[in-house]
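Morning, everyone. I have one structure to walk you through today. Let me put it on the screen.

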Amino acid sequence: MVSPPPGAAAVAAARAWLRVGPAPRPLMGSQGGVGPPGNGGPGEGESGETRKLQEEGRAARGKRRKGKGKAGAGQGGKGNGAEGKPEPPQAKEETGLGAEAGPSAGLGKARERGGSVKEGVRRLVRGDEGSAGARKEAKGRGEGKKEEWRVRTGRRESARPARAQGRGGQAWGRLAGTRAAMATAAEEEAAAAREPACRPAAGPALLRLPEELLLLIFSYLDMQALGRLAQVCRWLRRFTSCDLLWRRIARASLNSGFTRLGTDLMASVPVKERVKISQNWRLGRCREGILLKWRCSQMPWMQLEGDSLYISQANFILAYQFRPDGGSLNRRPLGVFAGHDEDVCHFVLANSHIISAGGDGKIGIHKIHSTFTVKYSAHVQEVNCVDCKGGIIVSGSRDRTAKVWPLASGRLGQCLHTIQTEDRVWSIAISPLLSSFVTGTACCGHFSPLRIWDLNSGQLMTHLGSDFPPGAGVLDVMYESPSTLLSCGYDTYVRYWDLRASARKCVMEWEEPHDSTLYCLQTDGNHLLATGSSYYGVVRLWDRRQRACLHAFPLTSTPLSSPVYCLRFTTRHLYAALSYNLRVLDFQNP
């Protein structure tokens with residue numbers, strides 16, 4: 001059997017009293033609410049029914065007090081609506097009083113206000129019905145929003161430190177969180193990159209072939225196809241970075257570090273990276289800069305060895321060290337080599353020695369890593385050129401002679417052979433086989449400016465070409481292999497000679513488009529050729545597989561027009577020595 005809710009009996013009694021009517025009004029002294037306690041008798045209180053109502057009301061209040069906590073939590077959870085804030089304490093107290101007062105609250109208030117008992121009972125009935133409905137509604141809302149209250153409270157507690165700092169603190173917290181997330185993602189990506197990429201388990205059947213077969217198949221792909229293939233997955237990216245796949249492409253590229261015979265001159269650098277930089281050489285993409293400046297006009301010469309650059313300035317040779325980027329120099333020189341009374345015209349590096357030719361007609365020998373310096377008189381007039389290989393020094397002078405000297409310490413200054421060239425000697429080079437050397441002369445006293453001499457006997461072996469115009473002097477000559485060499489000079493042509501084919505006619509020639517004298521040349525031993533012109537410091541790049549010039553870089557303006565006296569390049573940079581400065585073209589970071 002279901003028990004009636006608290007206060008139901010009191011409400012029923014009040015309704016019955018309203019139907020019967022009020023009892024006769026007792027005397028003033030016998031009112032239950034006014035007289036002292038203990039005055040019994042029929043005049044105690046208003047009536048027995050009223051006393052019963054009061055007792056039942058007190059019993060109902062006691063029962064309700066046991067459930068006060070739940071009802072209070074429900075009303076407090078209701079709060080101010082969507083904000084989730086608890087009710088003010090005053091509101092809580094009033095709500096609690098309304099819920100706890102029971103049937104007697106209406107009677108007490110009616111008596112205090114001087115109203116009749118009947119009006120108080122009517123208020124009691126209406127209030128009890130309203131409070132009962134409110135209690136049910138509050139209980140439902142309270143139970144339904146308990147979990148929501150707990151979640152919101154937890155969120156507020158976790159967000160209190162950020163709210164305490166205001167809007168700026170919130171924004172900074174969001175920014176810091178974003179940075180932390182980005183840092184975490186970067187660390188995860190780096191860790192994933194460090195992990196060895198495994199071959200994908202699923203995918204095309206091609207990827208499940210042995211690596212030897214994949215290398216053979218991929219070797220037929222061109223550069224663009226290998227680049228797209230590297231974007232498929234991490235394993236293919238690493239697999240396609242193998243040097244074996246890029247070696248064939250590198251040998252066909254410009255200045256990739258491979259000679260025509262396939263010799264790798266830069267084995268420490270990945271071939272794929274060199275192929276990327278070679279595209280900048282092919283497209284002419286570079287960044288120009290100035291490494292050194294000097295005040296007066298000079299005719300500098302330079303050489304590269306490892307991470308060092310040697311350049312002549314007046315009668316000194318200075319050694320500088322490159323910075324790691326290769327596009328700049330340390331301002332303080334590593335060493336200064338002196339000994340000539342006039343300007344240094346030419347010098348070479350050989351066997352940890354610097355062999356220099358000066359305008360004073362002397363040859364100087366300097367040890368790179370010590371202060372040892374020896375100079376001796378070699379020619380009557382200025383020494384224009386010098387070369388050294390295999391312990392043998394050859395020199396050419398304006399006095400129309402070429403001489404052979406030993407480099408051995410006990411025989412320094414002893415001339416082995418003196419050769420009469422009948423012309424001023426502008427350039428000289430020793431064959432890689434150490435059996436002969438070639439001289440480039442002014443082409444005034446002899447019909448051919450290029451002649452080859454035996455190194456051991458000093459006898460003429462052969463001359464190259466026969467249709468040179470008078471004055472077509474050769475300013476620079478170099479051996480590319482024991483049977484091939486390159487020359488350039490006053491006749492504005494670069495010529496490629498192959499002694500196996502013919503000594504009377506060159507195999508290939510390239511003409512300077514502006515008919516300028518070519519002072520110097522340099523080759524990568526394969527397809528790239530660079531030349532320095534006499535006007536405006538123009539450096540030209542040539543692809544030896546075609547006739548036309550590939551790119552031209554003017555390094556000076558009209559007021560400071562200067563020849564390019566010397567140029568050298570690596571796979572990343574090109575260096576050009578002009579009258580007033582040393583220029584660099586950076587192809588690695590254009």
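I will go from the whole chain to cysteines, then one strand residue, then charges, then a surface patch.

Before anything else: this is a predicted model. Every value I quote is computed from it.

The overall picture, then. The protein chain has 590 residues, and 42% of them count as buried. Its secondary structure comes to 13 helices and 28 strands. Now the contacts. Take those between residues at least 6 apart in sequence: 47% of them join residues at least 24 apart. As for surface, the chain exposes about 31600 Å². Carbon and sulfur atoms supply 54% of that area.

Next, cysteines. How many disulfides does the structure hold? Zero. Take Cys566 as a case. The nearest cysteine sulfur belongs to Cys520, and it is 5.9 Å away. The cut-off for a disulfide is 2.5 Å between sulfurs. So Cys566 is in no disulfide. Is Cys566 buried or exposed? Buried, at a relative accessible area of 0%. Cys242 sits elsewhere on that scale: it counts as partly exposed, at 25% relative accessibility.

Now a strand residue. Thr441 lies in strand S15, which covers residues 436-441. Thr441 is buried, with a relative accessible area of 0%. What is Thr441 in contact with, leaving aside neighbours within four places in sequence? Thr421, Asp423, Arg424, Val425 and Trp426 are on the list. So are Ser448, Pro449 and Arg451. Gly473 and Val474 complete it.

On to charges. Side chains of opposite charge can pair when their charged atoms come close. Here the count comes to 14 salt bridges. I will show three pairs and one network.

Pair one is Arg544 with Glu480. Their closest N and O atoms are 2.5 Å apart. This pair links distant parts of the chain, 64 residues apart. Arg544 is in the loop between strand S24 (538-543) and strand S25 (549-554). Glu480 is in strand S18, residues 474-481. Arg544 counts as buried, at 7% relative accessibility. Glu480 is partly exposed, with a relative accessible area of 22%.

Pair two is Arg495 with Asp491. Their side chains meet at 2.3 Å, N to O. Arg495 counts as buried at 12% relative accessibility. Asp491 also counts as buried, at 15%.

Pair three is Lys389 with Asp387. The closest N and O atoms are 3.6 Å apart. Lys389 is partly exposed, with a relative accessible area of 32%. Its partner Asp387 counts as buried, at 9% relative accessibility.

And the network? Asp341, Lys362 and Lys375 are linked by salt bridges.

Last stop, the surface. Which residues make the nonpolar patch of about 500 Å²? Leu206, Leu213, Leu216, Ile217 and Tyr220. Look at Tyr220 on the screen. Tyr220 is found in the loop between helix H9 (211-218) and helix H10 (223-229). Tyr220 counts as exposed, at 68% relative accessibility.

Let me recap. The structure has zero disulfides. It has 14 salt bridges. One of them joins Arg544 to Glu480. And Leu206 and Tyr220 are among the residues of a nonpolar surface patch. That is my tour. Over to you.

How values were computed. Residues numbered from 1 in each chain as written. Predicted model: local features only at pLDDT ≥ 70, side-chain atom pairs only at ≥ 80, totals over all residues. Heavy atoms only, no water. Helix = DSSP H or I, 4+ residues; strand = E, 2+ residues; numbered from the N terminus. Buried < 20%, exposed > 50% of the residue type's maximum accessible area, 1.4 Å probe, protein only. Contact = heavy atoms within 4.5 Å. Areas by Shrake-Rupley, 256 points an atom, 1.4 Å probe, with all protein chains shown as cover. Salt bridge = Lys/Arg side-chain N within 4 Å of Asp/Glu carboxyl O. Patch = residues over 30% accessible without salt bridge, like charges linked within 9 Å, V, L, I, M, F, W, Y side chains within 5 Å.
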